[in-house]
Amino acid sequence: MADKFDVIVIGAGPGGYVSAIRAAQMGLKAAVVEKWISEDGKPVFGGTCLNVGCIPSKALLEASHKFVEAKHDFDGMGIQAGDVSMDVKKMMARKDTIVKNLTGGVAGLLKGNGVTAIQGTGKVVSSKQVEVTDQDGKATTYDADNIVVAAGSVPVEIPPTPLVDGMVVNSTGALEFQETPKRLGVIGAGIIGLELGSVWNRLGSEVTVLEAMDDFLPMVDGAIAKETQKLLKKQGLDIKLGARVTGSEVKGEEVVVKYTDAKGEQEVTFDKLIVCVGRKPYTEGVIAEGVGIETDQRGFIQVDDQCRTSVPSVYAIGDCVRGPMLAHKASEEGVMVADIIAGHKAEMNYDAIPNVIYTFPEVAWVGLTEQEAKAKGIEVKTGSFPFAASGRAMANNATEGQAKIIADAETDRVLGMHIVGQHAGEMVAQGVIALEFGSSAEDLALTCYAHPTMSEAVHEAALAVEGHAIHMVNRKKK
Ligand code: FAD
Ligand code: NAD
């Protein structure tokens with residue numbers, strides 16, 4: 001007779017492993033089922049995020065940025081570094097070590113918190129039963145009072161660009177290149193396209209990004225998106241908007257890509273092609289027919305605001321349900337669901353989830369854009385401050401970008417914060433807290449910020465909402 005649990009979580013990504021740990025902390029008997037196994041047959045924890053997503057991409061972004069700094073910026077600071085070169089294989093090995101340490105760390109956390117880790121593919125076979133099929137094909141059924149599905153997502157594939165080993169790759173393949181391609185094509189100017197395009201551009205690839213939409217980063221405030229586009233272009237990313245890819249063909253060592261734009265049919269040749277046109281839920285086969293849990297046409301499991309499915313004892317979280325596909329969103333949902341199962345009241349504020357694009361400079365935002373607020377009929381006032389006027393930004397050699405705050409014209413409540421600048425991903429936490437606490441722009445303006453910090457730009461942007469920025473001549477004065 002297999003063990004019975006209070007909670008079984010399917011999937012050990014940042015949604016699932018966090019949910020299982022929280023459930024155990026709440027005194028529940030918890031298990032997590034993970035199907036990913038290493039070459040030596042051990043379960044791999046951490047999901048997309050730790051293995052082929054957030055962490056490895058950031059390891060490459062950091063290394064490639066330091067390379068650019070050493071090559072181009074050190075001299076101006078008086079540092080003589082001589083000829084700087086990049087050993088791509090060593091950069092990759094460092095990334096692999098970071099991933100190994102972190103995933104091993106999750107295994108330790110699960111064990112330390114008393115979570116039972118079960119290797120195998122989990123399937124919800126009834127409202128309170130999970131069947132797990134291990135790597136030898138042996139199926140075991142476990143009983144659980146509650147089930148959390150955290151199966152995550154996988155890259156979308158499109159018919160015009162079928163993957164071809166090592167030549168036409170998705171994001172996972174693009175994290176594995178062992179040398180810098182001379183000509184790199186990227187399909188999709190979304191977050192992955194800009195991050196991975198930046199990595200290889202910094203290491204010397206000629207990068208062309210083909211984006212089907214006419215707008216660049218439509219989810220970011222218009223002024224910030226425009227400045228970001230300009231900065232990335234200056235770095236050498238050739239971003240072609242309104243370019244819909246229609247076909248690709250591998251010819252020897254080259255990939256020929258066809259696309260259409262306003263001028264008609266175009267053709268371009270690359271050495272490697274990265275396809276990053278979005279991700280889709282990884283839910284096929286996770287729920288047995290007849291359990292009564294609904295998925296939508298794209299495979300997302302249908303849930304309410306508290307991640308309950310249509311079956312009361314089954315929850316679903318993270319990338320396999322609606323909302324942004326972000327690790328921190330998955331983890332927060334995991335915590336919320338564990339707390340609800342433990343009998344506590346819990347909810348999430350989906351309006352205050354931060355987003356960060358880890359280019360240089362970083363792009364980070366939370367809440368509404370000026371354009372979204374206006375489209376909703378909200379009258380707004382805004383304040384912006386350029387990093388060019390920040391002493392710390394000058395000292396840091398990072399004067400590009402700006403911080404912008406969008407506030408309700410009537411109540412002064414902060415509705416959004418959008419930043420492009422060095423460490424924007426750290427600074428945006430102030431916007432998240434402002435939204436969570438219902439702060440006004442004046443609250444931020446009356447707060448004492450340490451000097452000299454990049455965050456002073458947020459302070460000045462808050463002051464600028466009323467035309468009172470100190471280190472800038474304000475466009476409007478009161
Ligand atoms: P996943 O991380 O996908 O984990 C799901 C787990 O479930 C996997 O381990 C899978 O093997 C397992 N599983 C699936 N089905 C079963 C089954 N039937 N039985 C057992 N196990 C199963 N997000 C950020 O917030 N910040 C970033 O900087 C960032 N960078 C990214 C960079 C890249 C290149 C990519 C691809 C993604 C990035 N993301 C980032 C997105 C982030 O990785 C995901 O949002 C996050 O991993 C989702 O977590 P999850 O737990 O829902 O799913
Ligand atoms: P995305 O949705 O961010 O961008 C995909 C882009 O591809 C879109 O702009 C779309 O218009 C374009 N596109 C689609 N079909 C096309 C075609 N035929 N030709 C040209 N362009 C086409 O998706 P992504 O970049 O693959 O990222 C997937 C998910 O992973 C995102 O939801 C994101 O949240 C998450 N992620 C987050 C981070 C982060 O938080 N820093 C980093 C990487 C990934």
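Contact here means heavy atoms within 4.5 Å.

**Close-up 1. Contacts of W200 in the predicted model.** The model is predicted. Residues up to four places away in sequence are not counted here. W200 touches V88, M91 and M92. W200 also touches A174, F177, E179, T180, P181 and L184. S205 and V207 complete the list of residues that W200 touches.

**Close-up 2. The largest nonpolar core.** This core has 37 residues. W200 is among those with the most contacts inside the core, together with M91, L194, I239 and I274. Several elements each supply at least two residues of this core. The helices are α3 (54-73), α4 (88-112), α6 (191-202) and α7 (222-235). The strands are β9 (183-187), β10 (206-210) and β19 (362-367).

**Close-up 3. Another core.** Apart from the largest nonpolar core lies another, of 33 residues. L28, A30, L110 and I353 are among its members. In soluble globular proteins, nonpolar side chains tend to be buried together.

**Close-up 4. The shell around ligand 2.** There are 22 residues around ligand 2. I192, E195, E211, G278 and V356 come nearest. The shell divides into 15 nonpolar, three polar and four charged residues. α6 gives the most to this shell, with three residues.

**Close-up 5. Polar contacts of ligand 2.** An oxygen atom of ligand 2 lies 2.6 Å from a polar side-chain atom of E211. Backbone atoms take part as well: a polar one of V356 is 2.7 Å from a nitrogen atom of ligand 2. For A212, a polar backbone atom is 3.1 Å from a nitrogen atom of ligand 2. On its own, ligand 2 has 840 Å² of accessible area, and the protein covers 79% of that.

Technical notes:
Residues numbered from 1 in each chain as written. Chains lettered and ligands numbered in written order. Predicted model: local features only at pLDDT ≥ 70, side-chain atom pairs only at ≥ 80, totals over all residues. Heavy atoms only, no water. Core = buried A, V, L, I, M, F, W, Y, C linked by side-chain atoms within 4.5 Å. Buried < 20%, exposed > 50% of the residue type's maximum accessible area, 1.4 Å probe, protein only. Helix = DSSP H or I, 4+ residues; strand = E, 2+ residues; numbered from the N terminus. Near = heavy atom within 4 Å. Polar contact = N/O pair within 3.5 Å; in protein donor to acceptor, adjacent residues only side chain to side chain. Areas by Shrake-Rupley, 256 points an atom, 1.4 Å probe, with all protein chains shown as cover. Nonpolar A, V, L, I, M, F, W, Y, C, P; charged D, E, K, R; others polar.
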